[in-house]
Amino acid sequence: MAVSRDEDALEQPLLQDDPAKLEEELRSCNHDPDCPGCKVAYLKHPKAGAPLRLLLGLGFVMLCTCLPISVVYPFLYFMVKDFHVARVDADIGFYAGWIGSSFMIGRASTGILWGSIADRYGRKPTMFAGVASVVVWNTLFGLSTNFWMAVTTRFLLGCFNGMLGVVQAYASELCNEEQQPLGLSVVGTAWGFGLIVGPALGGFLAQPALKYPDVFTSGSLFDRFPYLLQALCISSIAVLGLFVVCLLPETLHRKSSVPKVKDLEKSNPGDSTEEKVESIFRNWPLMAAMTLYCLWSLHDMAYDELFALWSVSPKSYGGLGYTSSQVGSVLAVAGCAILGSQLGVFPTICRLLGPIRACRYGALITIPLLVAYPYFGRIQGPWLSVTVYAASVVKCIVTTAVMTGSFILINNCVKQRQRGAANGFSLSIVSVFKGLGPAIGGIVFSYAQKRQHSWFFPGDHLVFLFLNVFALLTVLTSFEPFLPKSANRLIADD
């Protein structure tokens with residue numbers, strides 16, 4: 001069987017082997033020339049180079065799903081304040097938490113469904129639907145005029161945006177085992193780049209009539225809808241993402257093209273989605289890796305919101321008194337550090353330490369770092385900015401290491417025929433935790449604002465204690481016997 005040459009140049013990584021020999025090996029594996037997954041099977045060959053152009057395209061798709069999540073945090077405090085739903089400023093964090101959580105609650109309710117769709121109909125249709133949902137629902141979110149409209153549009157955006165797990169599965173299917181850390185690092189890098197672009201867009205483009213009155217006059221469209229401009233920018237990026245999805249190849253094999261006896265004994269072509277999910281439940285390494293992922297995701301989402309709320313809250317309440325633009329700048333600079341560390345450092349660290357220890361050490365470094373945060377407000381002059389920027393850079397780097405390591409662990413624990421379902425299931429479960437993070441974090445923040453002079457973890461000390469509890473739980477779940485060392489290695493498709 002000849003490797004398909006109908007695909008464009010995106011699908012042609014450098015092969016470090018004789019093409020004729022490679023074709024002979026593929027033919028011996030009973031690959032189907034009409035199967036879309038088989039057409040790109042050569043990417044998994046041990047001698048195949050990294051498909052960088054495909055990964056870059058996938059990274060752009062990942063960026064499209066990340067931006068709507070990260071963009072809201074610099075202006076969420078001010079958005080809730082504009083809705084006049086909070087009776088006092090100390091209650092703003094409570095309502096901000098529900099807006100931040102609504103996206104994840106929606107994603108949790110449909111994650112398994114989108115994973116099943118990806119396993120049945122392919123990875124590309126799922127990614128296309130997810131990017132298209134950003135165009136529609138994110139724009140409507142920018143038009144929100146009250147609290148409930150904002151919550152509803154964010155919830156619906158989450159319901160239709162179930163492609164995070166699919167993107168992770170797709171990245172692992174593009175690369176052989178040696179290149180897998182690089183493939184998932186690109187996904188993590190795209191997420192990190194979203195941490196740069198998203199908060200920057202949210203910080204600089206929210207309330208443009210107030211910030212740029214010479215350009216956006218009073219009474220204009222963007223004065224009536226002060227959060228529409230950032231939404232339109234992200235939706236425009238998502239439109240480009242739709243074209244990128246169309247250029248990517250499908251990696252899902254047709255069930256008839258995988259005639260392995262062991263596969264047929266475990267999961268025949270007529271298997272239902274429910275049977276797949278049950279087999280996933282019996283996979284303990286997968287459940288353990290998902291637990292680590294969920295705990296850290298709750299911590300990460302709560303941190304993103306709490307950092308923004310804490311930064312813009314008045315100094316009298318223990319905050320830094322920053323503006324939304326200043327918060328956007330801090331998050332943008334911190335995100336820049338992720339790009340180099342993900343592509344240049346993390347693949348090497350992962351090969352040396354393995355994904356389990358990468359997760360463990362990243363979460364461990366976080367604990368003393370967050371203990372220092374409540375004392376930042378005592379720093380005066382330019383040293384305050386230097387300290388906040390430096391701490392945010394370190395926090396973003398270790399967060400990305402833990403997230404990318406957990407992506408690798410989850411995909412290591414399943415074979416391709418269950419990868420979409422496994423990632424869809426993990427997406428549903430982790431979305432619950434990501435939804436709880438901002439909601440609980442907002443409640444903790446509001447409570448902490450009212451107890452500035454308590455003897456036990458006063459004010460913001462309580463906020464960062466809350467975050468450190470989940471960082472410590474992440475560390476503990478990375479040890480055996482809870483998380484087996486076998487999760488460090490990719491399960492072969494037998």
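These are my notebook entries on a predicted model, covering its overall make-up, its core, its surface and a few backbone oddities.

**Entry 1: the overall picture**

I began with the secondary structure. The protein has 20 helices and zero strands. Next I asked how many of the residues are buried. Of 494 residues, 59% count as buried. I then looked at contacts between residues at least 6 apart in sequence, and 82% of these join residues at least 24 apart. For the outside, I noted an exposed area of about 19500 Å², with carbon and sulfur atoms supplying 66% of it.

**Entry 2: the nonpolar core**

Which residues touch the most other members of the largest nonpolar core? I found L58, I99, M127, L286 and Y373, in a core of 131 residues. Helix α15, residues 284-312, gives this core its largest share, 20 residues.

I picked L58 for a closer look. Setting aside residues up to four places away in sequence, L58 touches M127, V167, Y170, A171, L174, V187 and L248. Several of those partners come up again in my next entry, since V167, Y170, A171 and L174 are among the buried residues of α8.

**Entry 3: helix α8 and the loop before it**

I went along α8, residues 164-174, one residue at a time. The buried ones are L164, G165, V166, V167, Q168, A169, Y170, A171, S172, E173 and L174. That is 11 of 11, so the helix is largely enclosed by the rest of the structure. I made a note that the list includes Q168, S172 and E173.

Just upstream I stopped at N161, in the loop between α7 and α8. Is N161 buried or exposed? N161 is buried, at a relative accessible area of 0%. Beyond residues up to four places away in sequence, N161 touches T65, F103, R107, G130, S133 and V134.

**Entry 4: helix α4, one side in**

My next stop was α4, residues 76-83, where L76, Y77, M79, V80 and F83 are buried. Why do I put them on the same side of the helix? They cover an arc of only 165° around the axis, so they share one side of α4. I also checked what lies over them: the cover includes α5, α6 (123-142), α7 (147-160) and α15.

**Entry 5: a nonpolar patch on the surface**

Where α5 shows up again is on the outside. I found a nonpolar surface patch of about 410 Å², made by F94, W98, I105, F155 and I443. Helix α5, residues 92-121, gives the most to it, with three residues. I looked up F94, which lies in α5. Its relative accessible area is 31%, so F94 is partly exposed.

**Entry 6: backbone oddities**

Before this search I reminded myself that most residues other than glycine have a negative phi, and most peptide bonds are trans. Here is what I found against that background.

- H84 comes just after α4 and has a positive phi of about 55°. It sits in the loop between α4 and α5, and H84 is exposed, with a relative accessible area of 69%.
- Q207 is not a glycine either, yet its phi is positive, about 50°. Its place is the loop between α9 (180-205) and α10 (208-211). Q207 is at 11% relative accessibility, and since buried means under 20%, Q207 counts as buried.
- E480 and P481 are joined by a cis peptide bond, with omega about 5°. P481 is in the segment after α20 (460-476).

I wrote the two positive-phi residues side by side in my margin: H84 is exposed, whereas Q207 is buried.

**Entry 7: N283, a link across the sequence**

I finished at N283, in the loop between α14 (273-281) and α15. N283 counts as buried, at 17% relative accessibility. Which residues is N283 in contact with, leaving aside its neighbours within four places in sequence? The partners are C413 and V414. N283 and C413 are 130 residues apart along the chain, but their C-alpha atoms are separated by 7.8 Å. I marked this pair for anyone following the chain into α15, the helix with the largest share of the core.

Terms used. Residues are numbered from 1 along each chain as its sequence is written. This is a predicted model: local features need pLDDT of at least 70, side-chain atom pairs count only at pLDDT 80 or more; totals for chains, interfaces and linings use all residues. Side-chain values use heavy atoms; hydrogens and water are left out. Helices (H or I, at least four residues) and strands (E, at least two) are DSSP runs, numbered from the N terminus. Buried means under 20% relative accessible area, exposed over 50%, partly exposed in between (1.4 Å probe, protein chains only). Contact means heavy atoms within 4.5 Å. Accessible areas come from the Shrake-Rupley method with a 1.4 Å probe; for residues, only the protein chains shown count as cover. A nonpolar core is a set of buried Ala, Val, Leu, Ile, Met, Phe, Trp, Tyr and Cys residues joined through side-chain atoms within 4.5 Å. Patches are made of residues with over 30% relative accessible area and no salt bridge: like charges are joined within 9 Å, nonpolar side chains (Val, Leu, Ile, Met, Phe, Trp, Tyr) within 5 Å. A salt bridge is a side-chain nitrogen of Lys or Arg within 4 Å of a carboxyl oxygen of Asp or Glu. The arc is that of the directions from the helix axis to the C-beta atoms.
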